[in-house]
Amino acid sequence: MTGVARWTGREISAFRTALRMNGRDFAAAVGVSHRMLVKWETGGTAVTPRAANQAALDTMLATAGPAAQERFATLITAQAAAEHDARAEQLLRREVRYSKSLIDRKLMVPVEEGIFLAGPDNKPTWTNAYLIDVHPTTNADYARFVRATGHRAPQHWPEGRCPGSIFDHPVVWVTWHDAAAYAAWAGKTLPTSTQWEKAARGSKGRLYPWGDAPTAAKCNVLDSGIGRTTPVTRYQSGVSPYGVFDMCGNTWEWCATESEPGRHELKGSAFTSPFTRAAPSLTNDANDTMRDNDTGFRCVSTAVG
């Protein structure tokens, strides 16, 4: 998403209607209280969301199904025609940058080449352009890989079959070698720690994906008190500047970068981690044969043309 226009209350109301969501569920998805949502919707064009909520709305629009997008387009086109509102047309013309990878069919988003501020010291660091998975690899994604290749299933799947209750949760109990095998099957690679961090922080060195405010409620960490993985789309208000989910919390993610022979870097923290460990600039590592209930992965691709 380019995010050219900011959402107005009328547009938000139309989008919620198009998604056929009740107010409380929609407010939770955007990361605000139901009271704030009511204030937005009754404020018409006078009320606009904060940047983090704007990003969540942009991402929800990009990932909504075709039917919901068509309903939304119909609603705000009618508004524009009735009220001569040029902003509604601008919203419809936002460029959707998401694409789907060919094999595992996961949504990916491009990260442009250039310098970003990396590490705790915000060191200027160059990256080439690449695509990164919008969400971590889920159990459903990994199940397709297991069926296609005969690869070993994770130990928490009863009789080697993924329970339906965790289809949309990040896969865990995978070693670095398991993650690399999935990436190779999907025609991708694991991200370097530098690629992972840029996708999480943006080019200007945000402390967290959503900005500089230390807000534990925007991610699944130990402080959240959940005690398990959550669906990869849950934290709409915690997305990164590129629209990437779960770059803080939920699960640690394997990276391609070796810290020393036989050990690879991990990024992102997990539901078992205190929020003080959640900043994307921080690094962890583990033996590449380690598997745990709080460690998963996502993939990248350099095929951006």
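Helices (H or I, at least four residues) and strands (E, at least two) are DSSP runs, numbered from the N terminus. With that scheme, the protein chain in your viewer has nine helices and ten strands.

This is a predicted model, in which local features need pLDDT of at least 70 and side-chain atom pairs count only at pLDDT 80 or more, while totals for chains, interfaces and linings use all residues. Residues are numbered from 1 along each chain as its sequence is written, and side-chain values use heavy atoms, with hydrogens and water left out.

**The whole chain**

Start with everything selected and colour by accessibility. Buried residues (under 20% relative accessible area; exposed is over 50%, partly exposed in between; 1.4 Å probe, protein chains only) make up 51% of the 305 residues. Next, think about contacts, meaning heavy atoms within 4.5 Å. Among those between residues at least 6 apart in sequence, 69% join residues at least 24 apart.

**Stop 1: helix H4**

Select residues 51-63, which form helix H4. The expected span of a helix is 1.5 Å times one less than its number of residues. For the 13 residues of H4 that gives 18 Å, and the end C-alpha atoms are 18 Å apart, so the two agree. H4 is mostly covered, with ten of its 13 residues buried. Among them are Ala-52, Asn-53, Gln-54, Asp-58 and Met-60.

**Stop 2: the salt bridges**

Now show the charged side chains. A salt bridge here is a side-chain nitrogen of Lys or Arg within 4 Å of a carboxyl oxygen of Asp or Glu. The whole structure holds ten salt bridges.

Pick Lys-106 and Asp-141, whose side chains meet in a salt bridge at 2.7 Å, N to O. This pair links distant parts of the chain: Lys-106 is in the loop between strand E1 (99-100) and strand E2 (107-111), and Asp-141 is in helix H7 (residues 139-149), 35 residues apart. Both Lys-106 and Asp-141 are buried.

Move on to Asp-133 and Lys-188, a salt bridge with its closest N and O atoms 2.8 Å apart. Asp-133 lies in strand E5 (residues 130-133) and Lys-188 in the loop between helix H8 (176-185) and helix H9 (193-201), so the pair ties together parts that are 55 residues apart in sequence. Asp-133 and Lys-188 are both buried.

Then go to helix H9 and select Arg-201 and Glu-197, which form a salt bridge with the closest N and O atoms 2.7 Å apart. Arg-201 and Glu-197 are four residues apart in H9, separated by about one helical turn. An α-helix has 3.6 residues a turn, so residues three or four places apart point the same way. Arg-201 counts as buried at 2% relative accessibility, and Glu-197 is buried at 5%. Before leaving, add Asp-104 to Asp-133 and Lys-188: salt bridges that share partners join these three into one network.

**Stop 3: a charge without a bridge**

Select Glu-265 in strand E7 (residues 263-267). Which side chain of opposite charge is nearest to Glu-265? Lys and Arg count as positive and Asp and Glu as negative, with His and the chain ends not counted. On that basis the nearest is Lys-267, 5.5 Å away, and Glu-265 is buried yet has no salt bridge. Not counting residues up to four places away in sequence, Glu-265 touches residues including Ser-193, Trp-254, Cys-255 and Asn-284.

**Stop 4: the largest pocket**

A pocket is an open set of points on a 1 Å grid over the protein atoms alone, where a 1.4 Å probe fits, with protein on both sides within 12 Å along at least five of seven lines; lining residues have an atom within 4 Å of a point. The largest pocket has a volume of about 620 Å³, the volume being the space filled by probe spheres set on the points. Its lining counts 29 residues, and Val-232, Thr-233, Arg-234, Gln-236 and Phe-245 lie nearest its centre. Helix H2 (23-30) and H7 each supply at least two lining residues, and H2 gives the most, with three.

**Stop 5: two last residues**

Ala-181 sits in helix H8 and is partly exposed, with a relative accessible area of 25%. Leaving out residues up to four places away in sequence, Ala-181 touches Phe-145 and His-151.

Finish at Thr-289, in the loop between strand E8 (284-287) and strand E9 (295-296). Apart from its neighbours within four places in sequence, Thr-289 is in contact with Thr-175 and His-177.
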